[in-house]
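Hello,

Here is the structure I promised to pass on. Could you have a look at it, and then read my notes below?

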Amino acid sequence: MKNYKVAVVGATGMVGRTFLKVLEEYKLPVSEYVLFASARSAGSEIDFMGKKYTIKELNESSFDEGFDIALFSAGGSTSEKFAPIAASKGCVVIDNSSAWRMDPNVPLVIPEVNPEDIKLNKGIIANPNCSTIQAIVALKPLHDKYKIKRIVYSTYQAVSGAGVAGWNDLENGIKGEQPKKFPHPIFNNCIPHIDVFTENGYTKEEMKMVNETKKILHDDSLRITVTTVRVPVFNSHSEAINVEFEKPFDLDELKALLASSEGIVVQDDPQNNVYPLAAEATGTDSVYVGRIRRDFSVDSGINMWVVADNIRKGAAANAVQIAKKMMEMDA
């Protein structure tokens with residue numbers, strides 16, 4: 001296996017720092033890392049891989065030195081400008097923003113779900129939305145076996161999904177300060193409003209889940225509706241997912257299928273208060289599934305509760321796992 005040269009773009013942000021943490025844990029065959037950020041952070045130092053790295057300013061010539069892979073987490077406008085530049089220099093960009101997700105020429109990848117789509121890349125691979133990733137890791141094996149007809153997503157999303165500013169709003173709100181990121185106080189509150197509202201009454205976050213689910217599963221026939229809610233939890237998203245299938249199922253077999261699927265940990269013993277919790281998911285890369293029960297209002301349906309660390313599996317770890325899978329495909 002060859003040694004790769006990897007760029008991390010947006011290395012000083014919340015997801016960028018988690019990129020570095022995950023990369024330290026995964027120990028990929030990388031000979032050289034170069035860390036980039038905006039002019040504001042350039043020149044600062046970060047401890048990474050047991051030594052100090054100096055942050056370089058991202059500019060049009062940053063990729064001239066030649067990289068194999070670049071992990072981007074610097075926002076949509078930065079990705080729109082710099083990802084094509086990196087790709088033109090022979091680098092494969094794994095982008096964490098929403099900029100490229102719905103581009104028909106850019107694969108949208110979750111390694112446990114559609115790793116084969118990695119090979120379709122033309123220089124850019126998109127990381128899905130955090131709330132979409134954990135949902136589809138849980139849904140893919142069920143879709144393969146029972147064919148999903150309809151999905152109802154209800155999300156309970158942590159403030160870390162809104163970056164440092166969202167985290168600060170909760171911390172400061174506990175002290176009685178007014179919000180700066182959210183339109184209302186998040187402490188002691190639930191806000192049914194993530195991203196901006198669109199003309200159809202849904203938010204962009206809700207429409208992302210609809211459109212990304214169809215793209216990743218390669219199935220435009222799916223009927224999907226979504227409500228996304230910001231909750232006063234620091235980290236890890238929780239989701240109540242209702243699914244209607246075309247085929248009948250045995251509940252014990254369905255649970256066993258989930259338990260044997262890659263990336264999933266089933267925690268489903270409600271009589272003993274065992275079910276997925278945000279506080280326990282934080283810091284891990286698994287998707288936790290519990291409260292799995294039949295939906296008696298339809299012929300073939302279930303409800304389940306799905307929890308994952310939105311900064312790790314929902315962003316940084318998924319991107320690093322894509323890179324790892326790419327390297328394995330090269331070997």
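**Helix packing and cores**

Ala138, Pro141, Leu142, Lys145 and Tyr146 of helix α3 meet Glu253, Leu254, Leu257 and Leu258 of helix α6, where contact means heavy atoms within 4.5 Å. By class, this contact of α3 with α6 has seven nonpolar, no polar and two charged residues.

Please keep in mind that this is a predicted model, in which local features need pLDDT of at least 70, side-chain atom pairs count only at pLDDT 80 or more, and totals for chains, interfaces and linings use all residues. Residues are numbered from 1 along each chain as its sequence is written, and side-chain values use heavy atoms, with hydrogens and water left out.

Helix α3 spans residues 130–146 and α6 residues 251–259; they pack at about 130°, with axes 9 Å apart.

Now the interior. The largest nonpolar core (buried nonpolar-type residues Ala, Val, Leu, Ile, Met, Phe, Trp, Tyr and Cys, joined through side-chain atoms within 4.5 Å) has 54 residues, and Phe63, Tyr153, Ile241, Phe245, Leu254, Val289 and Met304 touch the most other members. Its largest share, eight residues, comes from α3. A second, separate core of 35 residues includes Phe48, Ile311, Ala315 and Ala317.

Gln157 is worth a look too. Its place is in strand β9, residues 148–157, and it counts as buried at 1% relative accessibility (buried means under 20% relative accessible area, with a 1.4 Å probe and protein chains only). Leaving aside neighbours within four places in sequence, Gln157 has contacts including Ser131, Glu205, Arg230 and His237.

Best wishes

Notes
Axes fitted to C-alpha atoms, helices over the stretch in contact; angles between N-to-C directions. Helix = DSSP H or I, 4+ residues; strand = E, 2+ residues; numbered from the N terminus. Nonpolar A, V, L, I, M, F, W, Y, C, P; charged D, E, K, R; others polar. Buried < 20%, exposed > 50% of the residue type's maximum accessible area, 1.4 Å probe, protein only.
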